[in-house]
Protein chains: 2
Amino acid sequence: MLTHHTIKTLQSLDKKKFRQKYNLFLVEGNKIIRELIQSAFKIQAIYSLNPEEFNVYDIEIHAVTEVELKKISFLQHPKDSVAVCVPLSQSLDSKPKIRLVLDGIQDPGNMGTIIRLADWFGIEEIVCSQDTVDFYNPKVIQASMGSFSRVKIVYTDLSKFLSDKDIPNYMTDMDGDNLFSTDFPSVFNLVLGNEGNGIRPLTETFAYRKISIPRFGHQKNTESLNVAMATGIILGQIFASREN
Amino acid sequence: MLTHHTIKTLQSLDKKKFRQKYNLFLVEGNKIIRELIQSAFKIQAIYSLNPEEFNVYDIEIHAVTEVELKKISFLQHPKDSVAVCVPLSQSLDSKPKIRLVLDGIQDPGNMGTIIRLADWFGIEEIVCSQDTVDFYNPKVIQASMGSFSRVKIVYTDLSKFLSDKDIPNYMTDMDGDNLFSTDFPSVFNLVLGNEGNGIRPLTETFAYRKISIPRFGHQKNTESLNVAMATGIILGQIFASREN
């Protein structure tokens, strides 16, 4: 049975303040939890409708009822299990590589989708400005579909990170060069900006090249593409040229 | 003032049954409504916090309070206005062109995003199976960000539509040919399948070629890309080759 104290603690984990206080975050759904068990993340406890599904000896597993699961889940339609996990302290590899850099992305769904794209295209590291949405936010975790356990995500001062002169910074910009006629080197940073305001001026000063996805439609009212979609199209283009 | 009858009628428009019964659908937000006024869609009435913003003589405009707007809006955070509009009866152009074909897409957000992509890439027509989510669904309308007024959307029997031997059907498939080494002709259909089940077997019998977005990451657990994201990456690739 779930105590009132446990329910209150787990419910508080939708707020960054409490995730930091308890050093915990939640992950929902057997499929993702099973992947997590294979990862570097430590799971403190699992609350499950089907505890027998987890054949592990070193994790506390608690059977819960549907009513109890509903109380601790952040989903409108709770899945089968909730895992209480410990955040990983991550740091960047010293080896230069293609990295995504997020400058103030705010929407958890966009962040989760970008993590999933990174995983798909084999990008191992994402560097975020300090004000980018917290990646342990339950909506980010859920939107990433388990990819968060396979991509390293580090929050840092972007001005410092982007000032490395050996690695060119490609930035998305409404008036940038045409993506489809841009060649990318083997190592670079791809910088993506905030949903409403784009890349901030200070970050922009570190741009090696600005790129833009051309609009082929002739309708002037068309909204610009969402940042996660833009990331997908740009990565597609980058890896297409690696392929041929 | 809004009558109880009006509120009840407008609220019912979140259901396809009532949209068909009244032959009406809702559009929210001044920006999109202003674009609609320029389009072929007929607006029956506008309910607005700022009626003076609409300088039109042939549309009923009603001032409403925030409390009233909340009662008729489908959004969690209602915008400034709600327009009551009449669906357009649309039919395909006789001229062959690149078309998107949706085989049972269910998620309104995916449908809206695909409409927005079509608008961006200048694709004028989307052909949907009868069981694809209704494009007048308020969530589709909202996710399309106004693009729905610039792209023609037609529901039809796909078996009949795809059987035209002059136009090759390219279909997404987990085991298809590599997108990045596929050449596309000047006219074709790009067929996209249901979120869970993909393209149905009957539709597949009309495939000229199956294509797939290769996964560059080496992590076997990675979820396949969402159908809207896949559409964006494929369209990027198709139009990249048109560009160079």
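This is a guided tour of a predicted model with chains A and B, moving from chain A as a whole to single residues and then to the interface.

**Chain A as a whole**

Begin by selecting chain A, which has nine helices and ten strands, and turn it until you can see its extent, since its C-alpha atoms fill a box of roughly 60 × 45 × 35 Å along the principal axes. Of the 244 residues of this chain, 53% count as buried. Among the contacts in chain A with a separation of 6 or more, 73% are accounted for by residues 24 or more positions apart.

Next, select residues 98-235 of chain A, the range that UniProt, in an unreviewed entry, lists as "domain: tRNA/rRNA methyltransferase SpoU type". Over this range the chain is 28% helix and 23% strand, and if you pick the C-alpha atoms at the two ends you will find them 11 Å apart.

**Helix H1 and what covers it**

Move now to helix H1 of chain A, residues 4-12, and show the side chains of Thr6(A), Ile7(A), Thr9(A), Leu10(A) and Ser12(A), which are buried. What covers them? The elements over the buried residues of H1(A) include helices H2 and H4 (66-72) together with strands E1 (25-28), E2 (42-48) and E4 (81-86), belonging to chain A.

**Asn30 in helix H3**

Select Asn30(A), which lies in helix H3 of chain A, residues 30-37. Is Asn30(A) buried or exposed? Its relative accessibility is 6%, and because this is under the 20% cut-off, Asn30(A) counts as buried. Leaving aside residues up to four places away in sequence, Asn30(A) touches Ser48(A), Asn50(A), Glu53(A), Phe54(A), Asp80(A) and Ser81(A). With Ser81(A), the side chain of Asn30(A) makes a polar contact of 2.4 Å.

**Salt bridges within chain A**

The structure holds 28 salt bridges over all chains, and three pairs within chain A make useful stops.

For the first stop, select Arg19(A) and Asp134(A), which form a salt bridge whose closest N and O atoms are 2.8 Å apart. The pair links distant parts of the chain, 115 residues apart: Arg19(A) sits in helix H2 (residues 16-22), while Asp134(A) is in the loop between strand E6 (125-128) and helix H6 (138-143). Both Arg19(A) and Asp134(A) are buried.

For the second, select Glu125(A) and Lys152(A), whose side chains meet in a salt bridge at 3.6 Å, N to O. Here strand E6, which holds Glu125(A), is linked to strand E7 (residues 152-155), which holds Lys152(A), and the two residues are 27 residues apart. Glu125(A) counts as buried at 1% relative accessibility, whereas Lys152(A), at 29%, counts as partly exposed.

For the third, select Arg200(A) and Asp131(A), which meet through their side chains in a salt bridge of 2.9 Å, N to O. Arg200(A) lies in the loop between strand E9 (189-193) and helix H8 (201-204), and Asp131(A) in the loop between E6 and H6, so this pair ties together parts that are 69 residues apart in sequence. Arg200(A) is partly exposed, with a relative accessible area of 32%, and Asp131(A) counts as partly exposed at 39%.

**Where the two chains meet**

Finally, bring chain B into view and select the residues in contact, of which there are 36 in chain B and 36 in chain A. Between them the two chains bury about 3500 Å², with 63% of it on carbon and sulfur atoms. Highlight Trp120(B), Phe216(B) and Glu223(B), which supply 23% of the area that chain B buries against chain A, more than any other three residues.

Across this interface there are twelve residue pairs in polar contact. On the side of chain B that touches chain A, helix H3 (30-37), helix H5 (108-121) and helix H9 (227-243) each supply at least two residues. Which helix of chain B gives the most to this side? It is H9(B), with nine residues. By class, this side of chain B has 14 nonpolar, 14 polar and eight charged residues.

Two salt bridges are counted between chain B and chain A. Select Lys31(B) and Glu223(A) to see a salt bridge of 2.4 Å, N to O, between their side chains. As a last stop, select Lys31(A), Glu35(A), Asp119(A), Arg150(A) and Glu223(B), which are linked in a network of salt bridges.

Methods. Residues numbered from 1 in each chain as written. Chains lettered and ligands numbered in written order. Predicted model: local features only at pLDDT ≥ 70, side-chain atom pairs only at ≥ 80, totals over all residues. Heavy atoms only, no water. Salt bridge = Lys/Arg side-chain N within 4 Å of Asp/Glu carboxyl O. Helix = DSSP H or I, 4+ residues; strand = E, 2+ residues; numbered from the N terminus. Buried < 20%, exposed > 50% of the residue type's maximum accessible area, 1.4 Å probe, protein only. UniProt positions renumbered as here; feature names shortened; annotations may be inferred. Contact = heavy atoms within 4.5 Å. Buried area = accessible area lost by both parts, 1.4 Å probe. Polar contact = N/O pair within 3.5 Å; in protein donor to acceptor, adjacent residues only side chain to side chain. Nonpolar A, V, L, I, M, F, W, Y, C, P; charged D, E, K, R; others polar.
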